Amino acid sequence: MSTSYFIRGNAMQIKELSSATGVDIETIRYYERQGLLPEPARRDNGYRDYQAAHLERLSFIRHCRALDMPLAEVSRLLGFVDAPEQHCGDVNLLVDEQLGRVRARLKSMRALEKQLLQLRAQCAGTHEGRCGILDELVSAAHGEACVCHPK
């Protein structure tokens, strides 16, 4: 759904906003409670009326979350969106910090991959007798060294 929906003067209900952004209804409500998304006006029947600004802001939040940014960082970025006259050096720093977290996770994932490859190498694939992988996992469960976690 595009912002052209709002050109006709229509507001969205929460289910329509959810559909337009791919964000779960409960998550939208959570973002409202956390102050990331302003609470919309309500109709007499209590239904929320979301405007184009809600759609844009929720899409921004969703994009940041897709970049695996923590909500605290998303909140900081929204502060910069709300005050565009601020210097963007802080935005650069925030993205650099996120990049550092991603790189650390990649390093950790490469180490995990190496451990799993070492474990996988314990299986000859014959399925006869004992399973080398299970033997290693049982050894580790007993606190002994194993190929993926040498002592």
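How far should the 15 residues of helix α4 (residues 52-66) span at 1.5 Å a residue, and how far apart are its end C-alpha atoms? Here are some notes on that and a few other points; please keep in mind that this is a predicted model.

1. **Helix α4, length.** At 1.5 Å a residue, α4 should span 21 Å. Its end C-alpha atoms are 21 Å apart, so expectation and model agree.

2. **Helix α4, burial and what follows.** Six names are worth marking in your viewer: His-54, Leu-55, Arg-57, Leu-58, Ile-61 and Cys-64 are buried in α4. Note that Arg-57 and His-54 are in that buried set along with Leu-55 and Leu-58. After α4 comes Asp-68, which has a positive phi, near 65 degrees.

3. **Helix α5, length and faces.** Residues 71-82 form α5, a helix of 12 residues. From first C-alpha to last, α5 reaches 16 Å, close to the 16 Å expected at 1.5 Å a residue. Its buried residues are Glu-73, Val-74, Leu-77, Leu-78 and Phe-80. Viewed down the axis of α5, these buried residues fall within an arc of 155 degrees, so they line one face of the helix. As general background, an α-helix has 3.6 residues a turn, so residues three or four places apart point the same way. On the face of α5 turned away from the buried side sit the exposed residues Ala-72 and Asp-82.

4. **What α5 packs against.** Which helices do the buried residues of α5 pack against? They pack against α4 and α6, the latter covering 89-120.

5. **The α2 and α3 pair.** Two packed helices are described by the angle between their axes and the distance between the axes. For α2 (residues 14-21) and α3 (residues 25-34), the axes come within 9 Å and cross at roughly 105 degrees. That crossing makes α2 roughly perpendicular to α3. On the α2 side, the contact uses Ile-14, Lys-15, Leu-17 and Ser-18, which meet Ile-25, Ile-28 and Arg-29 in α3. By type, the residues of this contact divide into 4 nonpolar, 1 polar and 2 charged.

6. **Ser-18 up close.** Is Ser-18, a residue of helix α2, buried or exposed? Its relative accessibility is 14%, and because buried means under 20%, Ser-18 counts as buried. Leaving aside neighbours within four places in sequence, Ser-18 is in contact with Val-23, Asp-24, Ile-25 and Ile-28. For a longer view, Ser-18 and Ala-140 are 122 residues apart along the chain, and their C-alpha atoms are separated by 46 Å.

Definitions and conventions: Residues are numbered from 1 along each chain as its sequence is written. This is a predicted model: local features need pLDDT of at least 70, side-chain atom pairs count only at pLDDT 80 or more; totals for chains, interfaces and linings use all residues. Side-chain values use heavy atoms; hydrogens and water are left out. Helices (H or I, at least four residues) and strands (E, at least two) are DSSP runs, numbered from the N terminus. The expected span of a helix is 1.5 Å times one less than its number of residues. Buried means under 20% relative accessible area, exposed over 50%, partly exposed in between (1.4 Å probe, protein chains only). Axes are lines fitted to C-alpha atoms, for helices over the stretch in contact, and angles run from 0 to 180 degrees between N-to-C directions. Angles under 35 degrees count as roughly parallel, over 145 as roughly antiparallel, 65 to 115 as roughly perpendicular and the rest as oblique. Contact means heavy atoms within 4.5 Å. Ala, Val, Leu, Ile, Met, Phe, Trp, Tyr, Cys and Pro count as nonpolar, Asp, Glu, Lys and Arg as charged, and the others, Gly among them, as polar. The arc is that of the directions from the helix axis to the C-beta atoms.
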